[in-house]
Amino acid sequence: MTEQTEPQGISLADELESFVQYEAATRGQRFVNWLIDNLFMRFVLAQLTGRLVVYILQALFPEYILGISYSDDPWDLLLISFAIGIFNYVFYYTICEKAFQGRTVGKVISGTRTIRNDGAELTFRDALLRSVSRLVPFEVFSGFGDPWHDTWTNTRVIKTRR
């Protein structure tokens, strides 16, 4: 007499997950996400991190900050601003998408969230790779089709409310 059991690694929950249908976010919703998130990063997060960086640099390298303040050469300031922007971009998207189950400020407002293609919640690695892939030049224009940061990381943005 043989006993039939489920194959190892496949549970009833796994089988039911394959029947769950997700509705993809519209391009309009994704544009709203991008717009709100970028405005938040530029006007809120940039102010906070910019002030923090200046405070730290003043404490550690006061002569350097004084030199930037009185210099006619904008390159040091541009370099610092660029570095802060890159840091904010990666930090904001990675932390938000991991800590808040695939949501950012923009996604909360538009009623969307990010999941893996298999329906699971994002891992830290998924969130970090999505954030870094957004830094690729002209990646923003991939939003007219399938955004690269989705296709490269096997993730997607779905609607959370109808």
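This is a conversation about the two largest pockets of a predicted model.

Trainee: What makes a residue count as part of the lining of the largest pocket, and which residues lie closest to its centre?

Mentor: A lining residue has an atom within 4 Å of a point of the pocket, and 29 residues line the largest pocket, with Arg30, Val140, Gly143, Pro147 and His149 the closest to its centre. The volume of this pocket is about 680 Å³.

Trainee: Which elements give two or more residues to that lining, and which one gives the largest share?

Mentor: Two or more residues come from each of α2 (27–60), α4 (75–99), α7 (148–151) and β2 (155–159), and the largest share, 6 residues, is that of α2.

Trainee: How do you know which class a residue such as Arg30 or Gly143 belongs to?

Mentor: Arg counts as charged and Gly as polar, so Arg30 is placed with the charged residues and Gly143 with the polar ones. Divided in this way, the lining of the largest pocket has 11 nonpolar, 8 polar and 10 charged residues.

Trainee: What lines the second largest pocket, and how much space lies in it?

Mentor: About 300 Å³ of space lies in the second largest pocket, which is lined by 18 residues, with Ala46, Gly50, Ile80, Ser81 and Ile84 nearest its centre. At least two residues come from each of α2, α3 (62–69) and α4, and the largest share, 8 residues, comes from α2.

Trainee: How many residues of this second lining are nonpolar, polar and charged?

Mentor: The lining of the second largest pocket divides into 11 nonpolar, 5 polar and 2 charged residues; Ala and Ile count as nonpolar, so Ala46, Ile80 and Ile84 fall in the nonpolar class.

Conventions:
Residues numbered from 1 in each chain as written. Predicted model: local features only at pLDDT ≥ 70, side-chain atom pairs only at ≥ 80, totals over all residues. Heavy atoms only, no water. 1 Å grid on protein atoms, 1.4 Å probe; cavity = no way out; pocket = protein on both sides within 12 Å on 5 of 7 lines; lining within 4 Å. Points joined across faces, edges and corners; volume = space filled by probe spheres on them. Helix = DSSP H or I, 4+ residues; strand = E, 2+ residues; numbered from the N terminus.
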